[in-house]
Amino acid sequence: MSDAERLRQQLQEIGTRFLQRTLREIEPLDELRRRLRAGDRSCLAEIQRLAHRIHGSGAMFGFDAISTHAREIELLASSDVVGTDLLMRLEACLLALKNATAAAAATRGL
Amino acid sequence: MKRAGLRTIVYVDDEPDIREVVQLSLELTEGLQVHTCESGEQALRMVPQLEPDLVLLDVMMPVMDGPATLQRLRSVGSLVDLPVIFMTAKAMPQEVARFLELGAVAVIAKPFDPMQLGNQVLAIWEALPGE
């Protein structure tokens with residue numbers, strides 16, 4: 001096996017681990033959203049941090065839909081104003097992220 | 001005068017998957033040794049000990065981001081001229097200009113191509129003025 005082929009295989013494995021971890025992180029993200037809805041604005045920074053990570057790694061491994069939805073969440077969490085509109089959009093983006101992650105995971109038999 | 005060959009790199013990123021990808025990608029280049037740090041704070045401890053030829057710094061990290069880490073590294077006497085490359089998704093021209101003003105020698109946009117990262121870094125290294 002050439003070095004390039006070995007790297008491609010390793011990237012595939014790391015990408016699968018990324019999907020597994022992202023699947024586990026959806027629920028904590030949703031819990032943060034619930035706390036935000038209840039008025040805990042301190043959750044915004046953690047939502048932003050998690051979403052930024054998923055956005056960056058998702059793009060790295062070619063999971064474009066996951067990366068796009070995570071980016072939307074990251075941008076929403078950087079907002080200064082937390083209103084009903086933002087909370088509804090955040091909920092929709094989280095659902096889209098969950099679905100995109102599940103779809104990608106299914107293609108890898110997860 | 002041409003710079004000596006690139007032998008040792010420290011890569012700093014809070015994201016473990018990206019750290020692993022960068023390390024694997026760069027180590028495809030024969031003779032290149034890559035160390036990784038998970039935070040700016042860890043880099044401040046490790047870089048003076050390792051004395052690498054080059055540091056690659058992620059921009060967005062919690063607690064101490066890339067620019068803050070660069071500023072702190074620069075305050076260490078022996079690291080004043082250490083070449084640092086920022087790696088970031090924020091690679092619009094005005095952002096790149098700001099990072100270069102802060103003292104980075106180059107900016108690599110994320111996401112990067114893992115198959116090409118080694119060549120990209122080597123090209124930047126070879127374009128640097130001699131020591």
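Which residues touch the most other members of the largest nonpolar core? In this predicted model, they are Ile73(A), Val55(B), Leu56(B) and Ile85(B), within a core of 58 residues. A nonpolar core is here a set of buried Ala, Val, Leu, Ile, Met, Phe, Trp, Tyr and Cys residues joined through C-beta atoms within 7 Å. A residue is buried if 20 or more other C-beta atoms lie within 10 Å of its own, exposed if 12 or fewer, and partly exposed in between, with C-beta atoms placed from the backbone. In soluble globular proteins, nonpolar side chains tend to be buried together.

Residues are numbered from 1 along each chain as its sequence is written, chains are lettered from A and ligands numbered from 1 in the order in which they are written. Because the model is predicted, local features need pLDDT of at least 70 and side-chain atom pairs count only at pLDDT 80 or more, whereas totals for chains, interfaces and linings use all residues.

**Chain A**

Chain A has four helices and zero strands, and its pattern along the sequence is α-α-α-α. Helices (H or I, at least four residues) and strands (E, at least two) are DSSP runs, numbered from the N terminus. Taken along the principal axes, the C-alpha atoms of chain A fill a box of roughly 55 × 25 × 15 Å. Of the 110 residues in this chain, 36% are buried. Among contacts in chain A with a separation of 6 or more, 60% are between residues 24 or more positions apart. Two residues are in contact if their C-beta atoms, placed from the backbone, lie within 7 Å.

**The sheet of chain B**

Chain B contains an open sheet of five strands in the order β2-β1-β3-β4-β5, with parallel pairing. Two strands pair if DSSP finds at least two bridges between them. The edge strands, β2 (33–37) and β5 (106–109) of chain B, each pair on one side only. On average, neighbouring strands of this sheet are turned by 20 degrees against each other, direction ignored. Axes are lines fitted to C-alpha atoms, for helices over the stretch in contact, and angles run from 0 to 180 degrees between N-to-C directions.

Strand β1 (residues 8–12) of chain B pairs with β2(B) in the parallel sense over five bridges. Thr8(B) has Gln33(B) as its bridge partner in β2(B), and Tyr11(B) has Thr36(B). Four of the five residues of β1(B) are buried, so this strand is largely enclosed by the rest of the structure.

Helix α2 (residues 40–50) of chain B lies across β1, β2 and β3 (54–58) of chain B and runs at about 170 degrees to β1(B). Val55(B), one of the core residues named at the outset, is in contact with Val10(B), Val12(B), Val47(B), Leu82(B) and Val84(B), leaving aside its neighbours within four places in sequence.

**Exposed positions and backbone features of chain B**

Arg45(B) is placed in helix α2 of chain B. Its C-alpha atom is 15 Å from that of Val63(B), and the two residues are 18 apart in sequence. Glu51(B) is found in the loop between α2 and β3 of chain B, while Val63(B) is found in the loop between β3 and α3 (66–74) of chain B. The phi angle of Glu51(B) is near 45 degrees, a positive value in a residue other than glycine. For Val63(B), likewise a residue other than glycine, phi is positive and near 70 degrees.

| Residue | C-beta neighbours within 10 Å | Class |
|---|---|---|
| Arg45(B) | 11 C-beta atoms | exposed |
| Glu51(B) | 11 C-beta atoms | exposed |
| Val63(B) | 10 C-beta atoms | exposed |

A cis peptide bond joins Lys110(B) and Pro111(B), with omega about -5 degrees. Pro111(B) is found in the loop between β5 and α5 (117–127) of chain B.

**The interface between the chains**

In total, 15 residues of chain B are in contact with 15 residues of chain A. On the side of chain B that touches chain A, ten residues are nonpolar, one is polar and four are charged. Ala, Val, Leu, Ile, Met, Phe, Trp, Tyr, Cys and Pro count as nonpolar, Asp, Glu, Lys and Arg as charged, and the others, Gly among them, as polar.

The axes of helix α2 (residues 43–60) of chain A and helix α1 (residues 16–26) of chain B come within 9 Å and cross at roughly 35 degrees. Gly56(A), Ser57(A) and Met60(A) of α2(A) make this contact with Asp17(B), Ile18(B) and Val21(B) of α1(B). Of these residues, three are nonpolar, two polar and one charged.
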